[in-house]
Structures are given as structure tokens and as C-alpha cells.
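Welcome! Please take a moment to look over the chain below, and then we will walk through it together.

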Amino acid sequence: MKFVTSPFFKIVFFIIVLQLKLTAQIKREIEFPDVTGYHTLISDLHQHTVFSDGSVWPDIRVKEAIFDGLDVISLTEHLEYQPHNKDIPHLNRNRSYQLAKEYAKNKDIIIIHGAEITRDLPPGHCNALFINDANKLVQKNYINTFREAKKQGAFIFWNHPNWIGQNKQGITQLSPIHEALIKEGLLHGIEVTNENSFADRALTIANEQGLTILGNSDIHGLIDWLFDIPGGGHRPVTLVFAKEHSEMGVKDALFDGRTVAWYQNNLIGQEKYLIPLIKSSLSVDTAYYQMYGNKKTQIADVVISNHSDATYLVNNESNFSFYNTTDIVQLNPHTITTLSIKTIDPLSSFELKFEILNAIYAKNKHPKIRLEILIEP
Ligand SMILES: [Zn+2]
Ligand SMILES: [Zn+2]
């Protein structure tokens, strides 16, 4: 076909392909705005490579993370489970971290030195982050591993506490061993979501015990396949509210519990961190009364922008009802939504109140926000 081979067609085709590629790359980056006083750092603190039971080399983990717009990752190889060790002898348990750190050189990503303590339940599997020598964590008795990690200044969290591989009911149970670890300062956080599971009891335990809330991919294969990135999916991540964009900033935030987990479009965290995150995600751009012909109606159009990746599902708890929708409203990511409010009387300002249904801070508890609306004169 002459047309297909013409130089003009080739240039147009090239531009279309380039644009599609750029759009695909931009779309997959996970984006949440900063909140007052803190940088919102996007982290995935539980991942594997061939240096334990994963299927990829550490550089792939770094590249995937950069594609996903992550700020922080940790490769947390199993200390006690080394199924590839005949093919890949793994005597130096720091090697995965060292390789990742090398690949990340001059790239805008923080690599945290971590390892997965892999024991029967209890205590089960726990990640130790910010360690300086994983080799020293290889110990016979689990308590010595935890104590060595603490000696190295580690932040330690309980992984997939609902995992059916260790607990057939899939219900997180806090054992006396966990209570003792918490008491001794050897357990600081808990995954409320891991891979494709949500641990509701873990959220209750986090709230009761003052543990930091985390959500991570625990990826072994490829992020794109497991979380259907081409289909619009995302990996579970922990949003970390850090005073500074650095490893120390992340460590300080984790020990202080400043996190929200993002999982399958749900935000899971303490109410005091969910509310600022939602408030910085949503802004009222403008509000004005609709005109019908040259007459001003008493239907106020409120234009709301969503600056985050979350599709917010909100329930109207205001005194007003809407002219253009029901009480359940979907605020799509990185887009604007116009709500038409029946204010009955002409007002210069009013308040909208929403319950955020895709955010939770405890069983059946959703945060509520208020938006101040100022009508343009
Ligand atoms: Zn595990
Ligand atoms: Zn794992």
C-alpha cells in the first residue's frame, strides 16, 4: 500500500505511537499530593527477587518502581527461605540490597535495606527495615533475630498477618508472642493489606496496639501481571508522610505511625492522616449559580478537582440535595466534577459534608470532611 509507506504517514504513525507510549508511562505513576507539613512519599516496603523466592533480578524491581512513580522501596528477601540457593548461592544476605542500591544510583528513588524474618506463626513473617547487616539476622532462635534487628535500629512490621498459608481462617490473631514483641519494642507496624488481601482485624490490632499501618505488594513475579497495570490497576503501597524527602524522613515517619495504605482504591489509615490527605486531594475550584436564560437560578454549580489517583466515592451528608446526581458521588482521579446543589435560598456561602466511603480508619468507620463553598458574586 502506497499510503502506508509514504513518509507523511510514517511521521504521523511515529508521533501517535510516541504519544501512546508517553501516555501509558504517565498514567501508571502513582500520585498523591503532599499534606500540610509533610511530603507524601509513595513506598512499597515488601518485595522479593531471585535472592529469595522471587523471579526477577533486583534491577527489575528498581525499574518497576520508577515506572510506578514510587519514592521508596525495600527488597526484603526471606532470611530463612532460599529456594534458589542451588542456582544462586546467597551467602551474603545483603547482596540484593547492594545491587538495587547500585542500579538506583543517580535515580530519584530511596532504597531501604531490609529483610524478611520468615518463621512459623507466631511470630510469622516480619520485615526488618533500615538494617545495616542482614547476615547478622540469620539466627537460630527468632528472638535473637528480632533483638539483633533492633540493635541495628530496625523498624519491624508483621507481614500478611491474615495469610491463609499460616492461618486457614484468614483472621489475624494477636498472640502472647506478638504482645511480648510489642512490649519489648521489637514490633512497630503491621500490614493491613498485602498483595491481594485485606486484613480487617489487623487494622483493629494496629489501632489498639499503636502499630504503624502498612500496605505492600509482596511482589515475587511482575507488578504488571499481578496488579493488572495495563488494565488500570495499581500495586498496594504505603503513603508515608515524611518531614523530609530522605531515608531518615521515612524512618522517622514510620516510627511515628504517619502512614496510609492504598489498596484497590481504598485508603486505610488513622483518621488524623486520612483527613488531611483527602482534603489536599480535593479542592473547590469555583462555585456559581446556574443561569437559565438570563435568569439566575438557585442551583449552585460547585466545581471540585481531585488531585490524586484515588477515585473518591463520597456520600452526601449535607443539608442539601443535588440537582444532577444522587447522594452517592464518584470523584474521578485527576479530573473535575461539577455538583449542582439545590440551595433553596440564594446563599453567598455554605458547607458541604461528605462521608468518604473508600477510606476507612476502623471497622465500618469512614472519615468525614467538610468543604467550604464560596459563591462567586
Ligand atoms: Zn512473607
Ligand atoms: Zn514476602
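This report goes from the overall layout to the domains, the core, two helices and a sheet.

**Overall layout**

What you see is a predicted model. The protein has ten helices and 20 strands, and its C-alpha trace spans about 80 × 70 × 40 Å along the principal axes. Of its 377 residues, 40% are buried. If we take the contacts with a separation of 6 or more, 63% of them link residues that are 24 or more positions apart.

**Two domains and where they touch**

The domain assignment divides the protein into domain 1 (27–269) and domain 2 (281–374). Taken over C-alpha atoms, the centres of domain 1 and domain 2 are separated by 36 Å. Across the boundary, 14 residues of domain 1 are in contact with twelve residues of domain 2. On the domain 1 side, α7 (200–209) and β11 (266–269) each supply at least two of the touching residues. By class, this side has six nonpolar, six polar and two charged residues.

**The nonpolar core**

The largest nonpolar core has 87 residues, and Ala 128, Ile 156 and Val 192 are those with the most contacts inside it. Both domains take part, since domain 1 (27–269) and domain 2 (281–374) each give this core at least three residues. To get a feel for the surroundings of Ala 128, leave aside residues up to four places away in sequence: Ala 128 then touches Gly 114, Ala 115, Ile 117, Leu 137, Ala 149, Ala 154 and Ile 156.

**Two helices with a buried side**

Helices α3 and α7 can be read side by side in this table.

| Helix | Buried residues | Arc around the axis |
|---|---|---|
| α3 (residues 58–67) | Pro 58, Arg 61, Val 62, Glu 64, Ala 65 | 165° |
| α7 (200–209) | Ala 202, Leu 203, Ile 205, Ala 206 | 165° |

An α-helix has 3.6 residues a turn, so residues three or four places apart point the same way. In α3 the buried residues cover an arc of only 165°, which puts them on the same side of the helix. They pack against β1 (39–44), β2 (72–75), α4 (95–103) and α8 (223–226). Just after α3 comes Gly 69, with a positive phi of about 70°.

The buried residues of α7 likewise lie on the same side of their helix, because the arc they cover is only 165°. What covers them includes β6 (189–194), β8 (212–216) and β11. Gly 210 follows α7, and its phi is positive, near 70°.

Is Asp 200, which lies in α7, buried or exposed? Asp 200 is partly exposed, because 18 other C-beta atoms lie within 10 Å, while a buried residue would need 20 or more. Asp 200 also sits 8.1 Å from Ile 171, C-alpha to C-alpha, although the two are 29 residues apart in sequence.

**A four-stranded sheet**

Finally, look for an open sheet of four strands, in the order β12-β13-β17-β15, with antiparallel pairing. The edges are β12 (282–292) and β15 (321–322); each has a single partner strand, so one side of each is left without a neighbour in the sheet. Strands of a sheet pair through backbone hydrogen bonds, either parallel or antiparallel. At the β15 edge, two bridges join this strand to β17 (residues 335–342), and the two run antiparallel. Here Phe 322 stands opposite Ile 341 in β17.

Definitions and conventions
Residues are numbered from 1 along each chain as its sequence is written. Chains are lettered from A and ligands numbered from 1 in the order in which they are written. This is a predicted model: local features need pLDDT of at least 70, side-chain atom pairs count only at pLDDT 80 or more; totals for chains, interfaces and linings use all residues. A residue is buried if 20 or more other C-beta atoms lie within 10 Å of its own, exposed if 12 or fewer, and partly exposed in between; C-beta atoms are placed from the backbone. Two residues are in contact if their C-beta atoms, placed from the backbone, lie within 7 Å. Two strands pair if DSSP finds at least two bridges between them. Domain bounds come from an automatic or database domain assignment. Ala, Val, Leu, Ile, Met, Phe, Trp, Tyr, Cys and Pro count as nonpolar, Asp, Glu, Lys and Arg as charged, and the others, Gly among them, as polar. A nonpolar core is a set of buried Ala, Val, Leu, Ile, Met, Phe, Trp, Tyr and Cys residues joined through C-beta atoms within 7 Å. The arc is that of the directions from the helix axis to the C-beta atoms.
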